[in-house]
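Me: I should like to learn how to read a structure with two chains. May I ask about its features one at a time?

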There are 2 protein chains.
Amino acid sequence: MFNLFSLKGGLNNVEGFFCDGVNVGLKKAPANDGDVAFIRSDVPCDITARFTSNKFQAAPIKHYQEYPKDFQTNFILMNAKNANAMTGEKGVEDIHALFKELEKHHPVQNPVMSSTGVIGYRLNQEKIASAFSKFDYNAKNSERAARSIMTTDQFKKELAFKIELDDGSSFNIAAICKGAGMINPAMATMLCFVTTDADIPKADMEELLSEATEGSFNRISVDGDTSTNDTIMLLANKVSGSYNKEAFREALNKITFELAMMILKDGEGATKLVAFEVKGAKNDEEARTASIALSNSLLVKTALFGEDPNWGRIASTIGASGINCDDSTLTIHYDNLLIYSNEQRELDKEREEKAYIIMKNASFKVTCDLGLGEGSYTSYGCDLSYDYVKINAEYRT
Amino acid sequence: MFNLFSLKGGLNNVEGFFCDGVNVGLKKAPANDGDVAFIRSDVPCDITARFTSNKFQAAPIKHYQEYPKDFQTNFILMNAKNANAMTGEKGVEDIHALFKELEKHHPVQNPVMSSTGVIGYRLNQEKIASAFSKFDYNAKNSERAARSIMTTDQFKKELAFKIELDDGSSFNIAAICKGAGMINPAMATMLCFVTTDADIPKADMEELLSEATEGSFNRISVDGDTSTNDTIMLLANKVSGSYNKEAFREALNKITFELAMMILKDGEGATKLVAFEVKGAKNDEEARTASIALSNSLLVKTALFGEDPNWGRIASTIGASGINCDDSTLTIHYDNLLIYSNEQRELDKEREEKAYIIMKNASFKVTCDLGLGEGSYTSYGCDLSYDYVKINAEYRT
């Protein structure tokens, strides 16, 4: 057994890690936010990463993949406003040049870069390199780092937990994260950096990061688009000497799930967070197909925004998803309210009124029981509002 | 060889067919549009239909499928405002009851029904049956019929062609159609009724309707949702005694393609129509996957609305679609303007200005050449505006 405590702040809670962010003019004045940031460790860290499924992976991802398997690093450089994607070989060369410049200011070992922003433009070397003399390399300024990777995000995303084991030892895990749009279950347009001082074996890092990603970032949808830069990295410097696999699993699952929910709450133009639970499917894969179809459907999303208990769009989306389904065994609930069943197909006034009340909540659950088997899956989505259109029609301006 | 002439109006141009529409109060006053309509033929017609791929097919589709293969009909009844979908066995029983009532007013043989509107409510028998004494069964009022099936449509959709063959004989083909939202390449939320007096064999009706549907309604996307009611029907009364397969193929392909483009132009909240041509793909299937991903992407659609030549979203969507692609062989054009190639990755001011001008057009073409093979496919989409959200958030109110 173990105890898990929530801590204030983010990366600052993990021993041996330092971070800071500065503004070098990539984000327009009068932005107070930084646009270039780093996370570094006193000692070399094991690192595990998961990247976007997009075939056009951005230059920082290609650069990462140049390192041998099981390399260690002590430095992550991050920037906003430019994704360094679709920039070809030049995009990777620019990263090498930046790190050559960085070495003049601070010793680094196998440094890693991570970028977010507009696709199709090369990095401004001069501006980004100007950060290297501005950074406080001994700062533990998690908030500045978290704010520096924000793009359309409305709020910073950082979390930290302390895990106390029965043997009296303890370790910490913390993360910062960005993401608000271009969010799809096949990983979101997001960057997430998790640090820990747990004495975790590399094999466990691989296994548990995959599991945590599948249970969190791979289940959320703002708009069904998958970016070129999606990245989650786990860095372990092992300095606490403490570790327990089940405790770490729970902490990592919790930190990634909560960050994923923060991304959804910050979904571009989103006003509501909705869980789409599909159960009673023929198998888990079919439940997943239907659940993700629901969290991606424009008609479902606009009905959520309109607070319209139009369950027909839920049913139609399940029917269109191509899975096995039968309208005589299907039931639909909003939270605990039965909205549709074979016996009660039309929504009477009383249930419609109750549905309105549920839909006015900032979050609720839609449960679709197909009544055909044991398969289940839950994904998480948000509504689609005028502001989504505004944000994305005007993104580059 | 043959000549194809465009005719004014719609179904009124085809010999032996009659149609009308009336308002029985399903559409709220002061709507001038009808809400119940019919198409009938003096003589029994061969009929071919294609229906939605949605697993929850609406009651009128189930009712149609009760007839034996190769049945003939002389009457189609249509209504708006209620899809008669997810209504179970009662939904089909309601159709039988309506046709029993209709027989008291007009002789019918194997009548067919087609409905569009909200999902999940039973038809109002009394109101719909009240149309039977209001219809002018000898009218050729195509416009009234076309307007009676409109839901969120902004304009009526009807077309007609006359085909003159070299032997001096001729036949006509005409159609009415509805659709504006819930439009997906796997058939749109649409109803389309095509009539002809061509002396076409039943086997050709089947073959040519499949081909025409694949080349038209299966290639358009407003929002990626597939409804429970999508229907296209072809009725042939053969009274002209004239027929030529190639001429009929061209006329049917043309009438369905032009109606599909009318649906897109009327796409809920749409301001632009965009063709997404993908070529140079490894095969046609991969080209289709990428093309449809483009016409469905929210980020592409909002960039179109914002008239933002943000080709990064085009590239990212192709990369996310899972097909084989390589950013060093990819080129992207807007009409004839090269927007992206391996040699010209960043958009300079001059080309950006030219791109703005193209994007201000009401329609243009995005061509993505993957440079990998011979596969090609074109689908058609529209932009996503504030009005799409407004229309769909407030649909039932």
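Me: Which residues of α5(A) and α6(A) meet?

Reply: Please note at the outset that this is a predicted model. In α5(A), the residues concerned are A:D204, A:L208, A:A212 and A:T213. Their partners in α6(A) are A:K245, A:F248, A:R249, A:L252, A:N253 and A:T256. Sorted by class, this contact has 4 nonpolar, 3 polar and 3 charged residues.

Me: At what angle do α5 and α6 of chain A pack?

Reply: Two packed helices are described by the angle between their axes and the distance between the axes. Here, helix α5 (residues 202–214) of chain A and helix α6 (residues 245–265) of chain A pack at about 35°, and their axes are 9 Å apart. The crossing of α5(A) and α6(A) is right-handed.

Me: How do α5 and α6 of chain B cross?

Reply: In chain B, α5 covers residues 202–215 and α6 covers residues 245–265; their axes come within 9 Å and cross at roughly 35°. This crossing of α5(B) and α6(B) is right-handed. On the α5(B) side, the contact involves B:D204, B:L208, B:A212, B:T213 and B:G215. These meet residues of α6(B), among them B:K245, B:F248 and B:F257. The contact of α5(B) with α6(B) has 5 nonpolar, 4 polar and 3 charged residues.

Me: Are α8(B) and α9(B) roughly parallel or antiparallel?

Reply: The angle between the axes decides the matter. Helix α8 (residues 298–305) of chain B and helix α9 (residues 311–320) of chain B cross at roughly 165°, with axes that come within 9 Å. Therefore α8(B) and α9(B) are roughly antiparallel to each other. Their crossing is left-handed.

Me: Which residues bring α8(B) and α9(B) into contact?

Reply: B:L299, B:V300 and B:A303 in α8(B) meet three partners in α9(B), namely B:R313, B:I314 and B:T317. By class, the contact comprises 4 nonpolar residues, 1 polar and 1 charged.

Me: By what turn can chain A be laid on chain B?

Reply: Two copies of a chain are related by a rotation about an axis and a shift along it. In this model, a turn of 180° with a shift of 0.0 Å along the axis lays chain A on chain B, with an RMSD of 0.0 Å. The two copies are thus related as by a two-fold rotation axis. In chain A, the C-alpha nearest this axis belongs to A:Y386, at 2.7 Å from it. The same surface serves both copies, since 100% of the contact residues of chain A recur in chain B.

Me: How many residues does each chain give to the contact?

Reply: Chain A gives 50 residues and chain B gives 51 residues. In chain A, α8 (298–305), α9 (311–320) and α11 (386–393) each supply at least two residues of the side that touches chain B. The largest share, 7 residues, comes from α9(A). That side of chain A divides into 20 nonpolar, 20 polar and 10 charged residues.

Me: What scores does the model have?

Reply: Where pLDDT is low, the predicted coordinates should not be read in detail. Chain A has an average pLDDT of 89, and 94% of the residues score at least 70. The model has an ipTM of 0.74 and a pTM of 0.80.

Technical notes. Residues are numbered from 1 along each chain as its sequence is written. Chains are lettered from A and ligands numbered from 1 in the order in which they are written. This is a predicted model: local features need pLDDT of at least 70, side-chain atom pairs count only at pLDDT 80 or more; totals for chains, interfaces and linings use all residues. Copies are superposed by least squares on the C-alpha atoms of residues with pLDDT of at least 70 in both. Two residues are in contact if their C-beta atoms, placed from the backbone, lie within 7 Å. Helices (H or I, at least four residues) and strands (E, at least two) are DSSP runs, numbered from the N terminus. Ala, Val, Leu, Ile, Met, Phe, Trp, Tyr, Cys and Pro count as nonpolar, Asp, Glu, Lys and Arg as charged, and the others, Gly among them, as polar. pLDDT is the predictor's confidence in each residue, from 0 to 100. Axes are lines fitted to C-alpha atoms, for helices over the stretch in contact, and angles run from 0 to 180 degrees between N-to-C directions. Angles under 35 degrees count as roughly parallel, over 145 as roughly antiparallel, 65 to 115 as roughly perpendicular and the rest as oblique. A crossing is left-handed if the near helix is turned anticlockwise from the far one by less than a right angle, and right-handed if clockwise.
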